[in-house]
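I opened this chain to look up a few things before going to the bench. My notes follow in the order I took them.

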Amino acid sequence: MKHIFSFLLSVTFAIIGNAHAQKADIIIINGKITTLDVNNSEVEAVAIAGNKVIQTGSNAQALKLKGKQTKIIDAKGSRVIPGLFDSHLHVIRGGRFYNTELRWDGVSSLKKALQMLKEQAQRTPEGQWVRVVGGWNEYQFKEKRLPTLEEINEATGNVPTFILYLYGKAWLNKAGIKKLNINADTPNPPAGLIEKDNDGNPTGLLVAEPNAFILYSTLSKLPELTIDEKINSTLQYMTELNRLGVTAVMDAGGGFQNFPDDYKITDSLNNLGKITVRLPYFLFAQKKGTELIDYTKWTSMVEIDDHGHNGKNDIDYHVEGGGENLVADAADFENFLFPRPELPATMESSLKSVLQLLVKNRWPFRIHATYNESITRDLDVIEAVNKETPLNGLVWFFDHAETITEANLLRIKTLGGGIAVQHRMAYQGESFIHRYGKKAALAVPPIKRMLELGLPVSLGTDGTRVASYNPWIALYWVTTGKTIGGAQVMAKENTLDRKTALQLFSYCGYNLIKEKLKGKIEKGYYADLVILDKDYFSVDEELIKSITSKLTIVDGKVVYGNEEYKNVAPIALPVIPAWSPVKYYGGYQK
């Protein structure tokens with residue numbers, strides 16, 4: 001009898017405990033909440049306990065779960081969406097340098113951009129550089145032109161300056177040329193040009209012909225921040241992403257991003273529980289000729305869970321696989337200022353050895369490929385590897401795929417792959433048309449056809465060195481077909497409706513890597529959601545570009561709030577160093 005009484009008592013306490021556990025930590029009320037659930041429901045309220053959604057529905061339904069400690073957040077009629085998942089962004093590398101960079105993202109005039117350049121030169125201390133690194137082009141400026149070297153030198157004076165333009169070129173001012181000891185005798189690197197004047201002296205223009213190595217290798221020579229400043233910089237960058245509604249990122253590695261050394265900042269932040277975006281990351285081979293050595297070492301260091309990472313840790317910071325660069329021989333930079341690069345004859349053997357290793361070790365992989373010609377050869381290798389060691393459901397996908405044909409889309413589907421699309425054409429659409437013509441650009445990339453064929457597809461940005469990290473530019477581009485300069489590049493019939501586009505920027509990213517319970521506002525799903533400052537579904541299309549978050553929740557925690565929600569949001573972290581452009585201008589410019 002005593003045992004039965006003890007059992008009944010324990011059951012009673014368990015029931016009471018469960019009842020308490022079901023009380024919400026956060027309830028959002030009075031929202032226009034787009035759940036993206038199977039019924040595409042729109043609800044009024046959502047209740048969150050821990051890091052999961054426990055109820056969606058009416059205010060009354062959610063408020064039944066209110067407890068003494070429940071935080072009630074009034075959305076005041078605002079649109080609420082699942083958190084945005086950027087399936088291709090460079091956060092780990094970008095975070096280390098974010099505080100050093102003057103962002104021209106969103107600046108509407110060259111006059112304003114040059115004024116910012118001048119102001120930043122005046123506050124940049126000895127030993128540091130002024131740097132503008134991606135996220136802009138001349139078509140966003142009302143003047144519709146690039147800065148001249150004369151204007152850059154006038155604005156910056158004796159402060160060394162580096163300005164990156166897409167994948168195509170960069171400018172150094174006179175002080176920068178001197179600092180890097182570039183002179184008349186400095187040789188051009190492979191596939192790059194150091195422009196000379198009539199006297200044979202460097203002008204300051206660096207040109208990718210077509211490989212961007214000359215640009216990125218120059219950038220890598222610039223001074224880095226201190227450890228404390230890099231930590232602050234990474235936190236500032238993640239907060240900026242949260243401000244734009246981003247709650248998750250698949251980090252694509254990147255050039256001059258060495259594993260594990262250059263991951264120590266995010267490693268330490270993860271250990272402290274301070275990462276504010278879900279951050280699965282891929283390892284990018286760094287040196288031509290040693291890629292197989294790198295991946296052999298990494299596959300022995302890191303064990304990957306082939307069955308998904310749900311519950312691996314709270315914020316999903318882990319190695320997801322290999323890529324986006326697997327071997328240098330397969331790199332095909334989409335520098336539309338120059339013709340498509342021809343991949344070397346050694347590409348197939350280089351790529352096959354790495355893919356054999358990854359597939360045998362059940363490592364997911366992603367491959368950077370812009371042009372259909374490159375994708376055809378990549379697929380030949382993947383098919384050959386699959387015959388030897390079946391992919392058998394392994395996660396793999398192409399990044400970019402701007403000019404892919406239907407025949408290759410079908411080959412990808414047969415092999416169980418997917419495609420991660422980015423908004424690079426929003427920044428390079430005009431350049432593409434200038435080289436390949438208007439007709440060729442009408443379905444670049446053919447994202448609507450990818451979806452019709454049933455391929456796993458996701459949307460991202462590829463920020464920060466070429467395109468901007470702002471997800472709303474991607475959503476604007478894919479729903480309107482327009483570039484940031486307003487040119488109609490993609491045909492209207494090839495654009496997506498706003499709901500489909502949002503799906504590609506939320507749960508479809510998780511589908512690409514076969515993860516569940518993320519990307520929707522639904523009972524049992526992880527609580528990642530955003531209250532928007534404008535209604536994405538009803539605003540004029542031009543206003544999509546300026547949407548930001550009023551409040552962002554990641555893993556059940558409020559990670560960002562604007563002035564309206566400052567009472568429930570974390571206090572903004574002061575920017576260091578004191579001369580950082582981020583301190584004065586922030587990130588994406590309005």
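Which residue in β21 stands opposite P82? I looked, and L529 in β21 is the partner of P82.

**Ground rules.** I am working from a predicted model, where local features need pLDDT of at least 70 and side-chain atom pairs count only at pLDDT 80 or more, while totals for chains, interfaces and linings use all residues. Residues are numbered from 1 along each chain as its sequence is written, and side-chain values use heavy atoms, with hydrogens and water left out.

**Confidence.** I checked pLDDT, the predictor's confidence in each residue, from 0 to 100. The protein chain averages 94, and 95% of the residues score at least 70. I marked two stretches. Over residues 11–19 pLDDT stays under 50. The model gives residues 11–19 zero contacts beyond four places in sequence, with contact meaning heavy atoms within 4.5 Å. Residues 307–312 also have pLDDT under 50, yet the model shows 13 contacts beyond four places in sequence for them. Where pLDDT is low, the predicted coordinates should not be read in detail.

**The sheet.** I went back to the strands. Strands (E, at least two residues) and helices (H or I, at least four residues) are DSSP runs, numbered from the N terminus. Two strands pair if DSSP finds at least two bridges between them. I traced an open sheet of six strands in the order β3-β2-β7-β21-β22-β23, with mixed pairing. β3 (42–43) and β23 (557–561) stand at the edges with a single partner strand each, so one side of each has no neighbour in the sheet.

I then followed the pairs. Strand β7 (residues 79–82) pairs with β21 in the antiparallel sense over three bridges. β21 and β22 run antiparallel and are joined by four bridges. In that pair L532 stands opposite S549. Strand β22 (residues 549–554) is joined to β23 by four bridges, again antiparallel. There T552 faces Y560 of β23.

Which way do the side chains of β21 point? In strand β21 (residues 529–532), L529 and I531 point one way, V530 and L532 the other way. All four are buried, where buried means under 20% relative accessible area, exposed over 50% and partly exposed in between (1.4 Å probe, protein chains only).

**Two alanines.** A49 sits in strand β4 (residues 45–49). Is A49 buried or exposed? A49 has a relative accessible area of 14%, so I logged it as buried. I paired A49 with K23: they are 26 residues apart in sequence and 6.8 Å apart in space, C-alpha to C-alpha.

A369 is in strand β17 (residues 365–369). A369 counts as buried because its relative accessibility is 0%. Beyond its neighbours within four places in sequence, A369 contacts D332, I375, D378, F398, D399, H400 and A401. I also took a long span: A369 and I576 are 207 residues apart along the chain, and their C-alpha atoms are separated by 37 Å.

**Backbone oddities.** Most residues other than glycine have a negative phi, and most peptide bonds are trans. I listed some exceptions.

- H400, one of the contacts of A369, has a positive phi of about 90° although it is not a glycine. H400 is in strand β18 (residues 396–400). At 0% relative accessibility, H400 is buried.
- N30 has phi near 55°. N30 lies in the loop between β1 (26–29) and β2 (32–34). N30 is partly exposed at 29% relative accessibility.
- F259 and P260 are joined by a cis peptide bond, with omega about 5°. P260 is in the loop between β14 (246–251) and α9 (264–271).
- The peptide bond from G323 to E324 is cis, with omega near 5°. E324 is in the loop between β16 (317–322) and α11 (347–360).

**The cavity.** E324 took me here, as one of the residues lining the largest cavity. A cavity is a set of points on a 1 Å grid over the protein atoms alone where a 1.4 Å probe fits but cannot get out; lining residues have an atom within 4 Å of a point. I searched the whole structure and found one cavity of 30 Å³ or more. The volume of the largest cavity is about 50 Å³, counted as the space filled by probe spheres set on the points, with grid points joined across faces, edges and corners. The lining is E324, N325, L326, V327, A330, A331, L351, I367 and H368. By class I noted six nonpolar, two polar and one charged residues. Here Ala, Val, Leu, Ile, Met, Phe, Trp, Tyr, Cys and Pro count as nonpolar, Asp, Glu, Lys and Arg as charged, and the others, Gly among them, as polar.

Technical notes
1 Å grid on protein atoms, 1.4 Å probe; cavity = no way out; pocket = protein on both sides within 12 Å on 5 of 7 lines; lining within 4 Å.
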